[in-house]
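Please look over the sequence and the model below before reading on. The paragraphs that follow take up the ligand and its surroundings, and then turn to the strands.

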Amino acid sequence: MRPFDYRRAADPAEAFAIAGREQARYLGGGTNLVDLMRQNIEAPAALIDVSRLPGTIEDTPNGGLMIGAAVRNSTLAAHPSVRARYPMLSRAILAGASAQIRNMATVGGNILQRTRCAYFYDTTGARCNKRAPGSGCDAIDGFNRYHAILGASEHCIATHPSDMCVALAALDATIHLSGPAGTRSVKLADFHQLPGAHPEVETVLQPGELITAVEIAASPAAAHSEYRKVRDRSSYAFALVSVAAGVTVAGGRIEDVRIALGGVAPKPWRAAKAEEILRGQAPEQARFLAAADAELTTARPFDRNAFKVELARRTIAAVLGGLTGVQA
Ligand code: SF4
């Protein structure tokens with residue numbers, strides 16, 4: 001690890017002022033950034049600690065929630081409103097990492113965490129376009145069991161590691177940003193970028209910008225929701241496939257449905273095609289599978305992760321079946 005300066009910001013304005021003067025990174029819980037610094041993958045000249053900025057969870061006038069970026073993951077998962085009105089979000093957070101890490105990790109940091117592709121972390125000679133643009137990608141012909149089947153490119157096939165963000169994608173979350181040029185809001189669906197020819201560009205965050213809050217709207221589907229994570233071991237493992245879904249049924253027809261997938265793409269993957277097929281239809285297992293098939297038609301698996309296509313298909317159908325009481 002290289003020497004760096006450490007500052008604690010009292011408010012966002014001070015954070016921007018420091019960030020403007022130095023080649024700095026904002027520090028939340030440090031559960032990913034510090035690892036990256038230890039391995040010399042990231043080497044900021046300064047860390048601006050924003051973990052003590054005000055972090056609250058508040059009701060919005062339209063019945064949703066405004067969640068401060070500095071809120072700890074464990075606090076968010078345990079919040080009574082989240083558990084009652086957004087169970088998929090609480091369960092997604094609890095499915096991630098360990099209790100100790102969730103106690104440290106912040107909402108803003110979770111959104112900005114970087115891939116866990118092993119080649120990205122291997123600085124002893126592995127080729128990685130995300131870490132060293134233009135160097136190549138050793139995952140494509142390597143051990144790609146954990147890699148993407150949707151949205152990847154010939155330059156990078158890494159997956160986004162967050163569980164929380166999968167639920168936020170299904171919930172249509174909005175990210176509030178603040179920076180030297182002012183404030184703005186971006187849908188979570190538009191915040192993370194697909195790799196294309198530039199896998200080193202992961203988000204639309206501009207230099208000096210800080211995530212200040214995440215907003216989720218009220219919705220009946222959110223209140224009747226689930227998160228299921230399929231992984232190699234039952235704890236402290238990243239998803240092979242995960243599904244966040246919420247469904248409401250009225251008069252025997254699916255009224256509202258939200259589905260997002262994790263572990264299969266470089267960003268939290270909103271399953272819009274599957275939702276479109278299901279909306280207004282009777283809940284049936286055959287229809288759940290057909291919707292999953294439609295979502296997965298563009299899947300492009302690699303040598304070691306072809307199983308993810310069928311696993312995603314079955315997990316989508318199983319979660320929707322559980323939520324609607326229509327089992328296989
Ligand atoms: Fe790097 Fe992406 Fe290839 Fe992994 S998949 S080695 S992160 S370029």
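In this predicted model, a good place to begin is the ligand, since the space that the ligand takes up is the largest cavity. Around the ligand stand 14 residues, of which Cys117, Cys128, Cys137, Cys156 and Ile157 are the closest. Sorted by class, this shell is made up of 9 nonpolar, 3 polar and 2 charged residues.

From the ligand we can turn to a sheet. Strands of a sheet pair through backbone hydrogen bonds, and this pairing may be either parallel or antiparallel. Here, 3 strands form an open sheet in the order E1-E3-E2, and their pairing is parallel. Strand E1 (5-8) and strand E2 (24-27) are the edge strands, each of them pairing on one side only. On average, and with direction ignored, neighbouring strands of this sheet are turned by 25° against each other. Between E1 and strand E3, which covers residues 46-49, the parallel pairing extends over 4 bridges, and Arg7 has Ile48 in E3 as its bridge partner.

An antiparallel arrangement can be followed elsewhere in the chain, where strand E10 (residues 241-250) is joined to E9 by 6 bridges. One contact to look for in this pair is that of Val230, which stands opposite Val241 in E10.

How do the side chains of strand E9 alternate along residues 225-230, and which of them are buried? Ser225, Tyr227 and Lys229 point to one face and are buried, whereas Glu226, Arg228 and Val230 point to the other face and are not buried. In a regular strand, such alternation between the two faces of the sheet is what the side chains show.

How values were computed: Residues numbered from 1 in each chain as written. Predicted model: local features only at pLDDT ≥ 70, side-chain atom pairs only at ≥ 80, totals over all residues. Heavy atoms only, no water. Buried < 20%, exposed > 50% of the residue type's maximum accessible area, 1.4 Å probe, protein only. Helix = DSSP H or I, 4+ residues; strand = E, 2+ residues; numbered from the N terminus. Pairing = 2+ DSSP bridges. Near = heavy atom within 4 Å. 1 Å grid on protein atoms, 1.4 Å probe; cavity = no way out; pocket = protein on both sides within 12 Å on 5 of 7 lines; lining within 4 Å. Sits in = over half its atoms within 2 Å of the grid points. Nonpolar A, V, L, I, M, F, W, Y, C, P; charged D, E, K, R; others polar. Axes fitted to C-alpha atoms, helices over the stretch in contact; angles between N-to-C directions.
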